[in-house]
Amino acid sequence: MQTFAYPLSDLIAGYVTYFDAEHDVFGLKTSDGREYDVLLGDMTYAKVVQNLDDAYLDATGSMREQLTPGCQLFTYGVFYPDSPKFEAKQIVFLGRSAEDYSFEKQNWWIDQVRSLANFYLKAQFGDESVDYRNYRTTLNLSGVKSTTNYRQETDTISRLVYGFATAFMMTGEDKFLEAAEKGTEYLREHMRFVDQDEDIVYWYHGIDVQGDREQKIFASEFGDDYDAIPAYEQIYALAGPTQTYRVTGDPRILDDAEKTISLFDKFFLDKTQHGGYFSHLDPFTLDPRSESLGPNKAKKNWNSVGDHAPAYLVNLFLATGRQEYADMLEYTFDTIEARMPDFEESPFVQERFFEDWSKDQTYGWQQNRAVVGHNLKIAWNLMRMQSLKAKDKYVDLAEKLAQTMPSVGSDQQRGGWYDVVERVVPLGQKFHRVVWHDRKAWWQQEQAILAYLILAGCLGNENNEYLRHAREASAFYNAWFLDTEDGGVYFNVLANGLPFLAGGNERGKGSHSMSGYHSTELCYLAAIYTNLLVKNQPMDLYFKPQPNGFPDGILRVSPDILPAGRVRISKVEIDGKPYDNFDAENLTVSLPNADQPVKVKVRLEAVV
């Protein structure tokens, strides 16, 4: 063990190896195999990880009985230079026994999404009716809206709409669907521009609201993208409406999505032999090669190619079953697999490129640096694509990244995943240096949880390494990111799990970067993968189709792109009554003729 000249507080994440009751000491082994002797004291206290809205779950009285071999836990305490033992002050258990993981219970993520959606409803609209005129991008730590910043950003509204639509799908509570539909309508009325000549839709960066006045902000005003139309803003403008379309089948949403994809195909797509999507357009000419774009001229990046799938395209395919969206998914994943791995230089993918796909390692803040979560996001989404169209190269890259990332991107002392690191280790050093800080961002934990859950569900079994990594990532997120006092989740925590509240975006629950998207997407897909692929537990989903909304009256209820034959419908209710006109294996419901929306509850079960 490394020695220190002064007391040092820290967190250890690991697995119990023994408990010596006589000396009140237990052994703890970290994920990468380092062992510590941990001393309990008179004031050591313990709890069980608690969900949002859960009461505090004290485990101090039972902690010695719970210290059984294999039990996974966190302990925060002190290293003293005059003692070889780590002196524990707090212990966080993940359940009531070594085999019990609270976040694998059937309703854990469902309860969490309900709490998140209620938090954002209260923060944005209070006790009044849902009116997006009152929406504000910036929320402080306790969910209070900014009184000085009246900017409404399109993407953050869209992400919040995604959260409300997802909360309805998981809980069936109509207030969440109302918020999703009103938000979608607000986006269409205030943030959408329809170009009749080109037959395309593009979305404003946002609007400034002052009383009854509204000023539209066309080009982005966010740092790296200033005075341009970035691809990722157009991509995420579709996230909320598309998830709402999955629930309602509103044909106007589908039309917007089709015309926004037309924007991608006509202007962002590189139709030369290089292929891929450009990252930015000139706001007046829609030219990706315009000199006005400065450092963004004729560039491509991870977001312009890789964000289509998770933000809207997977959900659009699930809702429609259209081959054209399957083809677009295949194109983006083939591009990722062909262009982004760079294993001769780094274990991390390359994220920024010139027009010909040569590496751009001088761009702004990124230089030759890796966003850890993007690598995990690639692994997660490749496994989704593998279930749609199997290719060895998809699985090979997903597994390569999944097996490499823990040692270079995760914190194997404390748990959790880092943010941005240097892609290359300098000569004479052993570790990839963190760039901003050793803090950990909420959305990157999501990518790790989903990547390893889907890998475990598709390729492994109860005892595989992917499931271990999924549990470790879920444990860190649920132990340290949930704000059980004020609600919502923290933007960042320090390496030791304590909230990082230095100021700016990282002190709030709403900002240019944070809304109701990643946290609710995590709830939805972690519930799907845990219940239906890993634990074989049933799960209900809810829909409320409009009359004549979905073509041919067919509601597609596949929760995600999953391996064929792994999930089936076990029963359906419409407006609370049993309904039997469904195709269990193909995951479709033939809707009844109705002159108003009907509420559809679908029970999904794993095929074992």
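In what follows, two residues are in contact when heavy atoms of one lie within 4.5 Å of heavy atoms of the other. The exercises concern a predicted model.

**Exercise 1. Determine where serine 519 is placed, whether it is buried or exposed, and which residues it touches.**

Solution. Begin with the secondary structure: serine 519 belongs to helix 15, which covers residues 518–534. Next, consider accessibility. The cut-off for a buried residue is under 20% relative accessible area. Serine 519 has a value of 1% and is therefore buried. Finally, apply the contact criterion: leaving aside residues up to four places away in sequence, serine 519 touches Leu116, Trp442, Tyr477 and Val489. One of these contacts, Tyr477, is also a member of a ring cluster with Phe74, Phe476, Trp480 and Phe481.

**Exercise 2. Establish the strand order of the open three-stranded sheet that contains strand 11, and identify the strands at its edges.**

Solution. The order is 8-11-12, and the pairing is antiparallel. Strand 8 (151–153) and strand 12 (213–217) each have a single partner strand, so they stand at the edges, with one side of each lacking a neighbour in the sheet. On average, neighbouring strands are turned by 25° against each other, direction ignored. The pairing of strand 11 (residues 206–210) with strand 12 is antiparallel and comprises five bridges. Within this pairing, glycine 206 faces isoleucine 217 of strand 12.

**Exercise 3. State which strands of this sheet helix 3 and helix 4 touch, and give the angles of their directions.**

Solution. Helix 3, residues 154–171, packs on the sheet through contacts with strand 8 and strand 11. The direction of helix 3 makes about 60° with that of strand 8. Helix 4, residues 174–190, also packs on the sheet, and touches strand 8, strand 11 and strand 12. The direction of helix 4 lies at about 95° to that of strand 11.

**Exercise 4. Locate aspartate 24 and alanine 298, and describe the phi angle and burial of each.**

Solution. The expectation comes first: most residues other than glycine have a negative phi. Aspartate 24 has a positive phi, near 55°. The residue lies in the loop between strand 1 (8–20) and strand 2 (25–29), and its relative accessible area of 17% makes it buried. Alanine 298 likewise has a positive phi, of about 50°. Alanine 298 is found in the loop between strand 14 (280–281) and strand 15 (299–301) and is buried at 9% relative accessibility.

**Exercise 5. Classify the ring pair of phenylalanine 119 with tyrosine 120 and that of phenylalanine 193 with tyrosine 204.**

Solution. The structure as a whole contains 27 aromatic pairs. For phenylalanine 119 and tyrosine 120, the ring centres are 5.2 Å apart and the planes stand at 85°, so the pair is edge-to-face. Phenylalanine 119 is buried at 9%, and tyrosine 120 is buried at 4%.

The rings of phenylalanine 193 and tyrosine 204 are also edge-to-face, with 6.4 Å from centre to centre and 75° between the planes. Phenylalanine 193 lies in strand 9 (residues 192–195) and tyrosine 204 in the loop between strand 10 (200–203) and strand 11, so the pair ties together parts 11 residues apart in sequence. Phenylalanine 193 is partly exposed at 32%, whereas tyrosine 204 is buried at 14%.

**Exercise 6. Identify the rings over which arginine 159 and lysine 300 lie.**

Solution. Arginine 159 is placed over the face of tyrosine 236, 4.3 Å from the ring centre. Lysine 300 has its charged end over the ring of phenylalanine 278, at 5.1 Å from the centre.

How values were computed. Residues are numbered from 1 along each chain as its sequence is written. This is a predicted model: local features need pLDDT of at least 70, side-chain atom pairs count only at pLDDT 80 or more; totals for chains, interfaces and linings use all residues. Side-chain values use heavy atoms; hydrogens and water are left out. Two strands pair if DSSP finds at least two bridges between them. Helices (H or I, at least four residues) and strands (E, at least two) are DSSP runs, numbered from the N terminus. Axes are lines fitted to C-alpha atoms, for helices over the stretch in contact, and angles run from 0 to 180 degrees between N-to-C directions. Buried means under 20% relative accessible area, exposed over 50%, partly exposed in between (1.4 Å probe, protein chains only). Rings of Phe, Tyr and Trp (its six-membered ring) pair if their centres lie within 6.5 Å; planes under 30 degrees apart count as stacked, over 60 as edge-to-face and the rest as tilted. A charge sits over a ring if NZ of Lys or CZ of Arg is within 6 Å of the ring centre and within 35 degrees of the ring normal.
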